[in-house]
Amino acid sequence: MLRKSLLLFCTAAIAACASVDSHQPARPADATDYTAIEVAPAETEHFVQTDSKIFDEPMLGVLYDYANKQYPSDNLDLFVYPINHFDWGDTESLLQQEMQRVLAEIDRATELGYYRSRGAEQVDPHTVASADGQLEGLKASFEFETNNGGRYFSNVYLFVEGDKFIKVRSSFDSEATVPWDGDEFVREVLPKLQVPGESAHLKKLRAAHRQQLKDNLMRVFLQAAMEQQGSTDGIEAADEAGEAAQAPESATGAGMESTEE
């Protein structure tokens, strides 16, 4: 029951990052192919992959379930999913915002009755080795209580790799294991992780999002210029608005360079 509840709010948390309201009946053909390579390792020294799920909605990404060989009651979930923006250059801000969103979704699950309570979290920087060097992310630690009175030690780890978030959710039954965290799992699994690059599908969505933002800025600048200079000077106002609208493009587009699958 705990595993089902964890999966429920984890998938709901990621779904909130979708940039479009999509009701697609099937996964788009040009979305990320998480089967082309072994994205997540099937087994490490202490952990073994037990299940995986690729979601039809591309913004949900993929979920991998793992089991601890020594403590099978532990809950270990690994998510890889796209960043909900066309600019992922400012990883520090992205990680902070995403961590707050994930914690808010956990609290929402508590409000809906999936858990009895959640303790205060402690969020710290967390660095782990990766296939290409190091990943610098965040780690949140807290306790939560189930409706039947069970107490769990829990962590959320967040990292950015390319255009994707890497999220690890670990939960440990306080009666079945000592008070520890998911650091060992992260140390063993993430160096073997191979995160796919930006898909053609996401590239199109982000380009549309970026163009929509430019169009909105253009309208705002044009309206302001027209109000300031008057309708008789509309051509000059439009030119100035166009020049002003180009400024955000270089700033927000800085992180858009990526490799299409």
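**Close-up views of a predicted model**

**View 1. Phe-159 and its surroundings.** In this predicted model, Phe-159 touches a long list of partners beyond four places away in sequence: Leu-95, His-126, Val-128, Leu-135, Glu-136, Gly-137, Lys-164, Phe-165, Ile-166, Val-186 and Leu-190. Phe-159 is also among the residues with the most contacts inside the largest nonpolar core.

**View 2. Two nonpolar cores.** The largest nonpolar core has 25 residues, and alongside Phe-159 its best-connected members are Tyr-64, Tyr-66, Leu-78, Ile-166, Leu-190 and Leu-193. Two or more residues of this core come from each of strand E2 (62-68), E3, strand E7 (151-161), E8 and H3. A second core, separate from this one, holds 24 residues, including Trp-88, Leu-95, Val-102 and Leu-158.

**View 3. Phe-47 meets Phe-185.** How many aromatic pairs does the model contain? The count is five. In one of them, Phe-47 and Phe-185 meet edge-to-face, with 5.1 Å from centre to centre and 85 degrees between the planes. This pair brings together distant parts of the chain, 138 residues apart: Phe-47 belongs to strand E1 (residues 47-54) and Phe-185 to helix H3 (residues 183-189). Are these two rings buried or exposed? Phe-47 is buried, with a relative accessible area of 0%, and Phe-185 is buried too, at 1%. Tyr-66 joins Phe-47 and Phe-185 in a cluster linked by ring pairs.

**View 4. Tyr-81 beside Phe-165.** Here the ring centres are 5.6 Å apart, and the pair of Tyr-81 and Phe-165 counts as tilted because its planes lie at 40 degrees. Again, distant parts of the chain are linked: Tyr-81 sits in strand E3 (residues 75-82) and Phe-165 in strand E8 (residues 164-173), 84 residues apart. Both Tyr-81 and Phe-165 are buried.

**View 5. Charges over rings.** Look for two places where a charged end sits over an aromatic ring. Arg-118 has its charged end over the ring of Phe-142, 5.2 Å from the ring centre. Lys-167 does likewise with Phe-79, at 4.7 Å from the centre of that ring.

**View 6. Helix H2 from end to end.** Helix H2 (residues 91-111) has 21 residues, so at 1.5 Å a residue it should span 30 Å, and its end C-alpha atoms are indeed 30 Å apart. Which residues of H2 are buried? They are Leu-94, Leu-95, Glu-98, Met-99, Arg-101, Val-102, Leu-103, Glu-105, Ile-106, Ala-109 and Thr-110. As background for reading this list, an α-helix has 3.6 residues a turn, so residues three or four places apart point the same way. Just after H2 comes Gly-113, with a positive phi of about 95 degrees.

Technical notes: Residues are numbered from 1 along each chain as its sequence is written. This is a predicted model: local features need pLDDT of at least 70, side-chain atom pairs count only at pLDDT 80 or more; totals for chains, interfaces and linings use all residues. Side-chain values use heavy atoms; hydrogens and water are left out. Rings of Phe, Tyr and Trp (its six-membered ring) pair if their centres lie within 6.5 Å; planes under 30 degrees apart count as stacked, over 60 as edge-to-face and the rest as tilted. Helices (H or I, at least four residues) and strands (E, at least two) are DSSP runs, numbered from the N terminus. Buried means under 20% relative accessible area, exposed over 50%, partly exposed in between (1.4 Å probe, protein chains only). A charge sits over a ring if NZ of Lys or CZ of Arg is within 6 Å of the ring centre and within 35 degrees of the ring normal. The expected span of a helix is 1.5 Å times one less than its number of residues. A nonpolar core is a set of buried Ala, Val, Leu, Ile, Met, Phe, Trp, Tyr and Cys residues joined through side-chain atoms within 4.5 Å. Contact means heavy atoms within 4.5 Å.
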